[in-house]
Amino acid sequence: MKLEEIHAQLKQLDESQSLRTRRTLNGPQGVQVTLDDSDYLSFCSNDYLGLANDPRVVTAAVDALQQHGVGSGASQMISGYSTQHASFEKELAYFLGVERVLLFSSGYLANLGVVSALSSRHSAVFSDRLNHASLIDAAKLSDAKHQRYHHRDHQGLERLLQKTDATNKLILSDGVFSMEGSIAPLAELIALKKEHHALLLIDDAHGLGVLGEKGIGSAEQLQVNPEDIDLLIGTFGKAFGSSGAFVAGKHDLLEYIMQKARSLIYTTAAPAALIAACAKSLDIIQNEPTRRGRLQDNIAYYREQIKRLQQPSLDSISAIQSIVLGDNDTVIRLSQQLAAEGILVLPIRPPTVPANSARLRITLSSEHSKVDIDRLITALQQYL
Ligand SMILES: *Cc1c(COP(=O)(O)O)cnc(C)c1O
C-alpha cells in the first residue's frame, strides 16, 4: 500500500467519524474507572462478575508469580505448560462437563487455531453473519470454503448445508453474540449438525460464567446437552476477569487440535500466574452463585427500565444490552453527552457492526447497583 493511499484512507476514516482512538485506563477495571484522568461510572467492560480486580484473584496471581516467575518461557509444547495449566484444564473440564480442555493464549488465537486445524480444501465453514471477528477471520484464513447465513437463521443454514458438496462441514456460531447480546438457536444448530454430519463450534465468550444456573453458559441456559457441542470456545477476558481462552470437547478431537493448531503450538504459553488467576475465578464462579444472581437482577432491572424509554433496544437476556441508533454521528454525540455526565458508554460503529447499525453497547456487571442503572437510564432519557 502506498503512503498517499494510507493518508487518504485515514482522512476518510476521520471524516466519516470512524477513526478509532484509545483512552488510557488509570487503575483497575471496575464499574468506577478513571480514564484519561476523568472518573466514570462504566458500562463498557466485559468484566461481568467484577472479578478483574477481586482481591482473591489478585492474590492467587501474586502467589503464583512468586512460585513460577513471570514468563512461561516457551510454547506449551516445549516447556511452557506448567502444573497450573495442567490442573486448571482438568478443573475446567469437570466444571463444563466435557472430556477435555485445551488452553490457548487468547480467544482470537483459539478460534484461528481450531478452525484452521479442522479445515482443508474439501471443507466448508458455515458462519452466522454476526459472528465475532475472530471467527470470521478464522474462517477466512482457513483453507475451507466460507459461507455465511443470516443472523440466527437456522433455516438459511439448512439450505446451505443441503446444497454443499463439501465432505467436511463445520458450523461456527457465537453462543451469545458480542454486539447484539442475542443467543444462538443451539437446539436447532445441534439438530442440523447431526443431520448433516457437521461439526459444531460455539464461541461462548459472553455466556460463560454469566448464563445458566451454574454459569456454564448458553448450553446450560438453553438446556442442550453439552456433549452435542463438538467444540466449545470460552475466553477468560470476560466473566473470568483475566485473559486467555480454551477449547473444550471430546478427547480425540482435542488431541488432533493439539497436534495441528498452529496458534497453540507456535506461541508462548500463557504465564502461570494468569492461569492461577483464572483458576481462582473459576472457584468463585462455582461457589458464589449470588454474583450471577446479582447480574441477572441487574439485567432484568435494566430491561424493565429501558422499556419505558421506547428505544430500539435489542432483545437480550445477556449482560450485553445494545441500543441501535443507526448513524455514527448520533451514537458519538450520545456517548459524549453521557461522558459529560460521568457515564461511560462507548459508541460501536461499522465495521464492528453492520452498516447503518451504529449503537450504544451497554454492558452490565454484578457490581452495578440499582442506583448506577438509574443514573444511566435517567441520562439516556434526557439525551436519546
Ligand atoms: C472477546 C471475544 C473473543 C476474543 O477473545 P480474546 O481472548 O479477547 O482474544 C472471541 N470471541 C468472542 C465472541 C469474543 O467476544
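Strands are taken here as DSSP runs of E with at least two residues, numbered from the N terminus. In this predicted model, Ile343 belongs to strand S11, which spans residues 343-344. The relative accessible area of Ile343 is 1%, and because buried denotes a value under 20%, this residue is classed as buried. When residues up to four places away in sequence are set aside, the contacts of Ile343 comprise Tyr40, Leu41, Phe43, Leu338, Arg375, Leu376 and Ala379. For one of these partners, Arg375, the separation from Ile343 is 32 residues in sequence, while the C-alpha to C-alpha distance in space is 8.4 Å.

The surroundings of the ligand were examined next. The ligand is surrounded by 14 residues, of which Gly107, Tyr108, Asp203, His206 and Lys238 come nearest. By class, this shell consists of nine polar, three charged and two nonpolar residues, and helix H5, covering residues 107-117, makes the greatest contribution to it, with three residues.

Several polar atoms of the protein can be placed relative to those of the ligand. A nitrogen atom of the ligand is found 2.5 Å from an N or O atom of the Asp203 side chain, whereas a polar atom in the side chain of Lys238 lies 2.8 Å from a ligand oxygen atom. For Tyr108, it is a backbone N or O atom that lies 3.0 Å from an oxygen atom of the ligand. On its own the ligand has an accessible area of 380 Å², and the protein covers 82% of that area.

Definitions and conventions
Residues are numbered from 1 along each chain as its sequence is written. This is a predicted model: local features need pLDDT of at least 70, side-chain atom pairs count only at pLDDT 80 or more; totals for chains, interfaces and linings use all residues. Side-chain values use heavy atoms; hydrogens and water are left out. A residue is near a molecule or strand if one of its heavy atoms lies within 4 Å of it. A polar contact is a pair of N or O atoms within 3.5 Å; within protein, one must be able to donate a hydrogen and the other to accept it, and residues adjacent in sequence count only if both atoms are side-chain atoms. Accessible areas come from the Shrake-Rupley method with a 1.4 Å probe; for residues, only the protein chains shown count as cover. Helices (H or I, at least four residues) and strands (E, at least two) are DSSP runs, numbered from the N terminus. Ala, Val, Leu, Ile, Met, Phe, Trp, Tyr, Cys and Pro count as nonpolar, Asp, Glu, Lys and Arg as charged, and the others, Gly among them, as polar. Buried means under 20% relative accessible area, exposed over 50%, partly exposed in between (1.4 Å probe, protein chains only). Contact means heavy atoms within 4.5 Å.
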